[in-house]
Amino acid sequence: MPPEPAQRYRGPVLPDGEPRDLYVVAGRITYEPQPGADTVAEGWIVPGLVDAHCHLGLDDFGATDDAATEQQAIADRDGGALLIRDAGSAADTRWIHDRDDLPRLIRCGRHIAATKRYIRGYAHEVEPADLASYAAQEARNGDGWIKLVGDWISRDEGDLAPSFPAEAFADAIAAAHAEGAKVTAHCFGHGVLPGLIEAGIDCIEHGTGLTEDLIDAMVQHGTRLVPTVMQLDKFPEHAAAGQDKFPAYAETMTDLYARMPATIMAAYEAGVPIYAGSDGGGISRHGNIAGEVEALARIGVPAHDALGAASWRAREWLGVDGLTEGASADFVVYDRDPRADLSVLRTPTRVVLRGRSVVA
Ligand SMILES: [Zn+2]
């Protein structure tokens, strides 16, 4: 078979915005001129977008079948998300690794929650004494991450409350680390955070309960934050739904939401590394990483950093190459500078995954 002809993409390459000719040869990037290469597209070239908090194989009712999961992955891909950190799934989605046409995937295994303290059908629901052994199990099942449900409404207390005692969380984090996995946790409220951060958790999801002292502790420990701003925008709905039976919970959610932009921006300004997560599948739709970049910008993250949070900075964090010589050709082309107008992220000219145009 004759070799596939080299392809040329031309335009400013982010993050530095230097105009370049980028060539794709056998699925890989080279900046060495390739005589006879066809110019496939011109525009702003952005390293493949990253959805750092998404759920493939999950919908409102729990695990989805493989056909539905495939549609979720295609929606994410077509929105430019070529690398997904799955933040917990009830389905076994490791088959996605074998599909060249679907995004790269870093799985967290299944969520681990306290008994009857999470969305039905989502998590392994366990008692405190079993938390560490489940953490080790999911560390072995996942792709280097596990996901804990840090807090959730306690119907007994009528308010948001930590899922487990701090010592149980600390043991679980140590157990996952011993298996070589990193740990992240769903955290809406304040109470769960000090113990998790002190115990060396690697990342916090949502993080609306952060305070100045905890933000300082995150900076010291190098803890990352994936706020999922679009998901936080649903707090008023949670508050309204809980109002009659759980007024204290409704008040907590309303208060957290009122302070949300200031809380997330305080973390950003203190230097906590922030990444973009759409929370697709966690009661949100797939394929909307663009919406999360816009949401980060809306609360005050400068456009360049909001985009970096969903592209080059997130790739670096997760250990996946950007647009370097010899890297897999995973990138998105836009017809204008997304940093000047983030809305262009909704209409990519090209989405190139492993050297192949999947959206053209
Ligand atoms: Zn989620």
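Two strands are said to pair if DSSP finds at least two bridges between them. With that idea in hand, the strands of this predicted model can be followed one partner at a time. In β10, the residue that bridges to Ile84 is Leu105. That contact belongs to the pairing of β9 with β10, which is parallel and built from four bridges. On the other flank, β6 and β9 also run parallel, and four bridges join them. Here Ile84 of β9 stands opposite Asp51. Ile84 is thus a handy residue to look for on screen, with Asp51 as one partner and Leu105 as another.

Put together, these pairings give an open sheet of three strands in the order β6-β9-β10, with parallel pairing. Which strands stand at the edges of this sheet? They are β6 (49-54) and β10, each of which has a single partner strand, so one side of each is left without a neighbour in the sheet. On average, neighbouring strands of the sheet are turned by 15° against each other, direction ignored. An edge position in a sheet need not leave a strand open to the outside, and β6 shows this nicely: six of its six residues are buried, so β6 is largely enclosed by the rest of the structure.

The next stop is the metal site. Which residues supply the protein donors of the zinc ion? They are His53 and His55, each through NE2, and Asp279 through OD, at distances of 2.0 to 2.1 Å from the ion. Along the chain, the donors follow the spacing H-x1-H-x223-D. Both histidines, His53 and His55, are buried. His53 falls within the range of β6 (49-54), the strand just described.

For the wider setting, a UniProt record is helpful. An unreviewed entry there places the feature "domain: Amidohydrolase-related" at residues 44-357. Over that stretch the chain is 35% helix and 21% strand. The C-alpha atoms at the two ends of the stretch are 15 Å apart. A different pair of residues gives another sense of scale. Ala172 lies in helix α3, which covers residues 166-178, and Ala172 counts as buried because its relative accessibility is 0%. Between the C-alpha atoms of Ala172 and Phe246 the separation is 30 Å, for residues 74 apart along the chain.

Charged side chains come next. Side chains of opposite charge can pair when their charged atoms come close. Counting such contacts as salt bridges, with a side-chain nitrogen of Lys or Arg within 4 Å of a carboxyl oxygen of Asp or Glu, gives 16 in this structure. One of them joins Arg99 to Glu70, with 2.6 Å from N to O. This pair links distant parts of the chain, 29 residues apart: Arg99 sits in the loop between β9 (81-86) and β10 (104-107), while Glu70 is in helix α1 (residues 66-78). Both partners are partly exposed, Arg99 with a relative accessible area of 24% and Glu70 with 22%. Arg99 also meets Asp101 in a salt bridge, at 2.8 Å from N to O. Asp101 is partly exposed too, at 30% relative accessibility.

Another salt bridge brings together the side chains of Asp341 and Arg336, at 2.9 Å from N to O. Asp341 counts as partly exposed at 26% relative accessibility, and Arg336 does so at 35%. As for shared partners, salt bridges join Glu70, Arg99 and Asp101 into one network.

The last question concerns the cysteines. How many disulfides does the structure hold? The number is zero. Why does Cys54 form no such bond? The closest cysteine sulfur, in Cys108, is 11 Å from the sulfur of Cys54, too far for a bond, since a disulfide requires two cysteine sulfur atoms within 2.5 Å. Cys203 is in no disulfide either, and the nearest cysteine sulfur to it, again that of Cys108, is 8.8 Å away. Cys54 is buried, with a relative accessible area of 0%. Cys203 likewise counts as buried, at 0% relative accessibility.

Note on methods:
Residues numbered from 1 in each chain as written. Predicted model: local features only at pLDDT ≥ 70, side-chain atom pairs only at ≥ 80, totals over all residues. Heavy atoms only, no water. UniProt positions renumbered as here; feature names shortened; annotations may be inferred. Donors = N, O, S within 2.8 Å, 3.2 Å for Na, K, Ca; no water. Buried < 20%, exposed > 50% of the residue type's maximum accessible area, 1.4 Å probe, protein only. Axes fitted to C-alpha atoms, helices over the stretch in contact; angles between N-to-C directions.
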